[in-house]
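Me: I've got a model open and want to talk it through. Can you take my questions as they come?

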Amino acid sequence: MREDFTNEIVTESLNEAGILVEKPSEIRRHFDDLQFDSRKVTKKNTLFVVKGAFKIEYLTASLLDKISGIVTSQKEKINIPNLPHWIVSNSQIALAVLSAEFFGHPEKKLKILGITGTKGKTSSTYMAYSLLDRLTNHQTAMFSTIDTFLGRGIKFKSELTTPESYELFSNMKKALDNGNKYLVMEVSSQSYLKNRVFGIHFKVGAFLNISPDHIGINEHPTFADYLAHKKMLAENSDVFVSNIDDAHGQEFIDHAKSFGAKTVSVSENKKADVNFHIKKADLDESIFYLTEKGNSQEFLLDIPGVFNIYNASVAIAMVREMGFKPEKAKKALAELQIPGRMVKIKTKSHGLIIVDYAHNGQAVTTLLTFLKSQHQGGKIIIVLGSPGDKGEDRRSQFGEVISKFVDVAYLTTDDPGTEDPHQINNQIRKAISNPNVELHEELDRSKAIQEAIKKANINDLVVLAAKGEDAFQKTNHVDVPYLGDKKVAEEFLAEIEKV
């Protein structure tokens with residue numbers, strides 16, 4: 001944290017961002033801390049940023065005793081006498097620019113790789129990280145949906161795909177202090193919509209794919225808005241890598257070029273800067289060749305699915321654009337396992353269980369298309385639900401996917417938020433047009449998994465979709481502890497099969 005975090009710095013930062021509406025009368029003040037969460041205000045001389053659905057009642061006498069200044073866009077609502085106020089037009093941008101200043105602009109000292117896409121962000125991030133961390137002698141940090149790696153053995157479970165800007169810059173500072181020079185991170189459309197990554201420039205950015213998702217009252221109003229926010233990564237990257245086999249892939253290439261970025265196209269069959277050729281892709285492993293400028297290299301991936309070859313190809317291309325030779329870290333990629341992504345659980349008499357984080361229509365379709373191509377005989381049994389308060393179009397998509405691929409479906413609970421999971425499942429059920437699908441509902445997700453496993457015979461395939469190893473169910477603004485799909489399945493198998 002910078003020691004000269006003064007009122008002059010605050011005014012200058014907000015003014016440069018173009019969001020300063022009104023500054024306090026001339027004062028001389030030094031701030032020892034910056035916070036936006038009232039529960040974390042513990043130091044005297046704290047600058048407090050008011051954002052989101054903040055209530056004036058939160059500013060108790062005890063809290064105000066520690067706060068020496070307030071930044072807010074709610075001039076009429078937040079007005080505390082004798083306390084300096086900076087009035088801004090956008091409090092989210094204010095938090096981002098002030099966090100960057102407070103933590104000493106760590107984003108300018110790290111070489112950052114950012115990955116976006118509707119599906120595959122986490123897998124590609126892990127893949128790029130595994131390669132780059134090996135090639136940089138463990139000087140690489142990672143921010144993903146699942147885990148945050150800050151170096152020196154410091155890691156923890158992530159709360160958001162892309163953290164709030166304060167946590168983002170704070171974690172970057174910690175990563176720097178731990179000797180890291182590189183960072184690989186997921187970049188969600190929400191992070192641009194909410195200005196969490198405001199002011200961050202990426203050495204290499206990448207686009208994997210896009211399909212209608214995250215459209216709803218609390219997210220993007222339209223697909224066009226979703227697409228536009230995805231494209232913002234292309235606007236803020238020196239080099240941009242894009243999967244041009246996606247219907248919008250070339251559009252991302254053209255958009256990145258219009259902002260002066262060097263571009264790298266990736267494809268299986270089209271003319272591209274980087275092409276891959278699949279030698280083997282089954283439930284055991286994937287072997288593929290990556291060709292660039294006439295040079296071909298073979299890579300092994302112990303994570304099933306053609307879609308993961310796409311994820312790996314983009315990750316490899318990104319690392320090469322950082323000036324490294326990914327083929328020198330082949331072993332890191334071959335040994336990589338990603339929590340909750342295409343995890344295989346073999347059973348004695350209840351078929352093969354696949355745990356995967358596929359959580360939207362496109363992802364589940366891609367997953368089941370691959371599994372059906374590999375699955376000979378037996379039923380496909382799926383356990384899934386759909387989140388509340390977001391991505392409402394997923395529900396009809398799930399119904400369509402179930403109709404096409406699934407023999408038995410257990411509809412259950414998946415982060416219902418403020419909605420009734422039974423009503424969410426009704427929307428999925430309405431979109432199931434195949435009368436041959438055997439349909440069940442069990443709102444207790446653990447019980448639903450157990451019932452699906454009991455239902456399966458030795459030749460069946462059980463797919464546990466969407467939750468992966470998530471440790472919570474988000475219910476009515478409370479994170480309710482949950483074992484995670486993998487652990488629920490393993491514990492139940494240990495009980496019924498003694499495995």
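Me: Start with helix 1. Which strands does helix 1 lie across?
Reply: This is a predicted model. In it, helix 1, residues 7–16, lies across strand 1, strand 3 (46–49), strand 4 and strand 5. The helix runs at about 5 degrees to strand 5.

Me: What's the order of the strands in that sheet?
Reply: The order is 1-5-4-3-2, in an open sheet of 5 strands with mixed pairing.

Me: Which strands are at the edges, and what does that leave?
Reply: Strand 1 (20–22) and strand 2 (33–35) are the edge strands. Each has a single partner strand, so one side of each has no neighbour in the sheet.

Me: How many degrees are neighbouring strands turned against each other?
Reply: On average 25 degrees in this sheet, with direction ignored.

Me: Strands 4 and 5, parallel or antiparallel?
Reply: Parallel: strand 4 (residues 67–72) is joined to strand 5 (residues 85–88) by 3 bridges. T72, for one, has I87 in strand 5 as its bridge partner.

Me: Where does I27 sit?
Reply: I27 is in the loop that links strand 1 and strand 2.

Me: And what is I27 in contact with, neighbours within four places aside?
Reply: N7, P84 and W86.

Me: How far is I27 from D246?
Reply: Their C-alpha atoms are separated by 55 Å, and the two residues are 219 residues apart along the chain.

Me: OK, the whole chain then. What are its box and radius of gyration?
Reply: Along the principal axes, the C-alpha atoms fill a box of roughly 75 × 55 × 40 Å. The radius of gyration is 24 Å. A compact globule with 499 residues would have one near 23 Å, so the chain agrees with that expectation.

Me: How many helices and strands in total?
Reply: The protein chain has 15 helices and 24 strands.

Me: Now the sheet with 11 strands. What's the order there?
Reply: The strands run 9-8-7-10-6-11-12-13-14-15-16 in an open sheet, and the pairing is mixed. Strand 9 (154–157) and strand 16 (295–301) are at the edges, each pairing on one side only. The average turn between neighbouring strands of this sheet is 20 degrees, direction ignored.

Me: Which helix packs on that sheet?
Reply: Helix 7, residues 223–235, packs on the sheet. It touches strand 6 (111–116), strand 11 (202–207) and strand 12 (237–243), and its direction makes about 130 degrees with that of strand 12.

Me: Go to the strand 9 edge. How many bridges between strand 8 and strand 9?
Reply: There are 4 bridges, and strand 8 (residues 147–151) pairs with strand 9 in the antiparallel sense. T148 is opposite F156 in strand 9.

Me: And at the other edge, what do strand 15 and strand 16 form?
Reply: A hairpin, with 2 residues between the strands. The two strands run antiparallel, and 7 bridges join strand 15 (residues 286–292) to strand 16. E292 stands opposite N295 in strand 16.

Me: What's the phi of K293?
Reply: K293 is in the turn of that hairpin and has a positive phi of about 55 degrees.

Me: Last topic, pockets. What volume does the second largest pocket have?
Reply: About 240 Å³. It is lined by 13 residues, and V97, A100, H105, E107 and G199 are the closest to its centre.

Me: Which helix gives the most to that lining?
Reply: Helix 3, with 3 residues. Helix 1 and helix 3 (91–102) each supply at least two residues of the lining.

Me: So how does the lining divide by residue type?
Reply: The lining of the second largest pocket divides into 5 nonpolar, 4 polar and 4 charged residues.

Technical notes:
Residues numbered from 1 in each chain as written. Predicted model: local features only at pLDDT ≥ 70, side-chain atom pairs only at ≥ 80, totals over all residues. Heavy atoms only, no water. Pairing = 2+ DSSP bridges. Axes fitted to C-alpha atoms, helices over the stretch in contact; angles between N-to-C directions. Contact = heavy atoms within 4.5 Å. 1 Å grid on protein atoms, 1.4 Å probe; cavity = no way out; pocket = protein on both sides within 12 Å on 5 of 7 lines; lining within 4 Å. Points joined across faces, edges and corners; volume = space filled by probe spheres on them. Nonpolar A, V, L, I, M, F, W, Y, C, P; charged D, E, K, R; others polar. Rg over C-alpha atoms; globule rule 2.2 N^0.38 Å.
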